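User: I would like to go through some local features of this model with you. Please reason from burial, contacts and backbone geometry.

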Amino acid sequence: MRIETIAIHAGNMITDSNRPVIQPIITSTTFEHHENSPIYTRASNPNRLALEKVLTQLEFGKDAAAFSSGNAAAMAVFQSLDPQSHIIAPDDMYHGIRKQLVEVFKGIHEVSFVDMADINQVNASIKENTRLIWLETPSNPLLKICDIRNIARLAKGKNMILACDNTFATPVFQNPILLGADLVMHSTTKFLGGHSDILGGIIITNEKNAFWERLRMIQHVGGAVPSPFDCYLLTRSIKTLPYRMKGHFQNASKLAKFLTDHPSIEKVYYPGLQSHEGYKIASSQMTGFSGVLSVTIVGGAKEADRVIDKLKYFTNATSLGGIESLIERRAAVEGPDTLTPQNLLRVSVGLENIEDLIEDFDQALK
């Protein structure tokens with residue numbers, strides 16, 4: 001099956017005797033004991049199994065574990081490591097997961113933050129106790145690109161786990177497992193959900209090994225799992241994912257080109273531009289450049305906030321990947337420890353008419 005067919009059919013697991021076309025929501029928390037049936041919905045639920053099945057196939061993995069948020073999914077990976085493991089993570093990454101590593105796992109794991117766009121820095125950071133390399137490509141919010149293939153070769157040569165946050169690219173545009181990654185993570189809240197109304201996360205594995213069994217145990221015992229209704233909504237949303245992503249990509253590409261030539265824009269961060277430092281690597285491992293870009297406004301934070309205030313079709317809100325366009329000044333959200341430039345705006349380009357979005361930005365920048 002091609003990706004559009006997988007997205008529509010792989011998440012349908014019909015057990016109802018009435019044979020509905022779409023799998024119903026099964027809200028029961030417990031099930032009658034018989035062979036091959038679920039026992040308790042924290043451990044397993046038909047709607048969650050359907051979600052895990054479709055994302056396993058979309059990412060070319062062997063299994064998947066769904067969680068109640070992207071942060072919970074990432075945390076399960078870190079919890080699955082032996083204590084005092086060394087983790088190599090990006091210097092530019094989602095602030096919520098970075099905060100986990102810095103604050104929640106302080107004293108439990110050792111972390112080195114490096115520029116993942118430079119494989120020499122990754123190699124130089126490896127220690128005797130390095131167990132995990134955590135990638136995020138494209139990164140949030142600077143849209144840095146990591147060379148998944150070469151970092152995967154490096155990880156395998158040292159018997160390390162390579163995990164890749166694929167939230168920005170989605171399985172439509174990038175498949176890290178096919179490039180050598182061991183684990184793929186998504187915040188399903190974003191493009192996979194696609195409508196800004198579902199919270200969730202997922203980990204997909206390339207191998208059902210001892211590490212994966214431990215992660216599955218943490219999912220079960222820790223209990224940070226999505227509800228049947230959220231799983232149902234996600235499985236429904238994924239059916240349109242390939243077509244939505246094509247629209248996000250087209251709109252973001254056109255907006256990025258417009259903003260590149262605008263005198264009020266200092267820099268555009270979008271891997272689909274040939275001027276982007278990671279364009280060549282991105283082109284070799286992605287089939288499209290997704291729907292998120294960042295820009296720095298000429299001036300400082302005050303000028304950036306003024307632009308946001310003047311926009312009509314871009315909502316000043318956290319998150320990304322919905323059908324509506326969102327924008328925010330990331331440094332203001334991330335707080336005093338942020339490494340993000342104060343004048344940087346992260347833009348999640350929605351599915352509105354692109355001419356309306358360009359005209360809106362044009363008037364806001366004048």
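User: Which residues is Ser85 in contact with, leaving aside its neighbours within four places in sequence?

Analyst: The model is a predicted one. Ser85 lies in the loop between helix H3 (70–80) and strand S2 (86–90). Its relative accessible area is 4%, and the cut-off for buried is under 20%, so Ser85 counts as buried. Leaving aside neighbours within four places in sequence, the residues in contact with Ser85 are Ile108, His109, Glu110, Asn129 and Arg131.

User: Which residues of helix H6 are buried, and over what arc around the axis do they lie?

Analyst: Helix H6 spans residues 148–157, and its buried residues are Ile148, Ile151, Ala152, Leu154 and Ala155. They lie on the same side of H6, because the arc that they cover around the axis is only 160°. An α-helix has 3.6 residues a turn, so residues three or four places apart point the same way. The arc asked for is 160°.

User: Which residues are exposed on the other side of H6?

Analyst: The buried residues of H6 include Ile151 and Leu154. Exposed residues are found on the other side of H6, and these are Arg153 and Gly157.

User: What covers the buried residues of H6?

Analyst: The residues to be covered are Ile148, Ile151, Ala152, Leu154 and Ala155. Both helices and strands take part, and the cover includes helix H5 (119–125), strand S4 (130–136), strand S5 (161–165) and helix H11 (279–285).

User: Which residue with a positive phi follows H6?

Analyst: H6 covers residues 148–157. The phi of the residue that follows H6 is near 60°, and that residue is Asn159.

User: How many of the residues of S5 are buried?

Analyst: Ile161, Ala163 and Asp165 point one way from S5, and all are buried. Leu162 and Cys164 point the other way and are buried too. S5 is thus mostly covered, with the number of buried residues being five of its five.

User: In what sense do S4 and S5 pair, and what is the hand of the crossover between them?

Analyst: S4 and S5 pair over five bridges in the parallel sense. One of the bridge partners is Asp165 in S5, set against Glu136. From S4 the chain passes through H6 to S5, and this β-α-β crossover is right-handed.

User: Which residue of S6 stands opposite Asp165?

Analyst: Strand S6 (residues 183–186) pairs with S5 in the parallel sense, over three bridges. Asp165 is also the bridge partner of Glu136. In S6, the residue opposite Asp165 is Met185.

User: Where are the cis peptide bonds that involve Pro138 and Pro141?

Analyst: Thr137 and Pro138 are joined by a cis peptide bond with omega about -5°, and Asn140 and Pro141 by a cis peptide bond with omega about 10°. Pro138 is in the loop between S4 and H6. Pro141 is likewise placed in the loop between S4 and H6.

User: Is Leu143 buried or exposed?

Analyst: Leu143 sits in the loop between S4 and H6. Its phi is near 55°, a positive value in a residue other than glycine. The relative accessible area of Leu143 is 1% and the cut-off is under 20%, so Leu143 is buried.

User: Is Arg19 buried or exposed?

Analyst: Arg19 has a positive phi of about 55° although it is not a glycine. The loop between helix H1 (3–9) and helix H2 (46–58) holds Arg19. Its relative accessible area is 56% and the cut-off is over 50%, so Arg19 is exposed.

Notes. Residues are numbered from 1 along each chain as its sequence is written. This is a predicted model: local features need pLDDT of at least 70, side-chain atom pairs count only at pLDDT 80 or more; totals for chains, interfaces and linings use all residues. Side-chain values use heavy atoms; hydrogens and water are left out. Buried means under 20% relative accessible area, exposed over 50%, partly exposed in between (1.4 Å probe, protein chains only). Helices (H or I, at least four residues) and strands (E, at least two) are DSSP runs, numbered from the N terminus. The arc is that of the directions from the helix axis to the C-beta atoms. Contact means heavy atoms within 4.5 Å. Two strands pair if DSSP finds at least two bridges between them. A crossover is right-handed if, with the strands pointing away from the viewer, the path from the first strand over the helix to the second runs clockwise.
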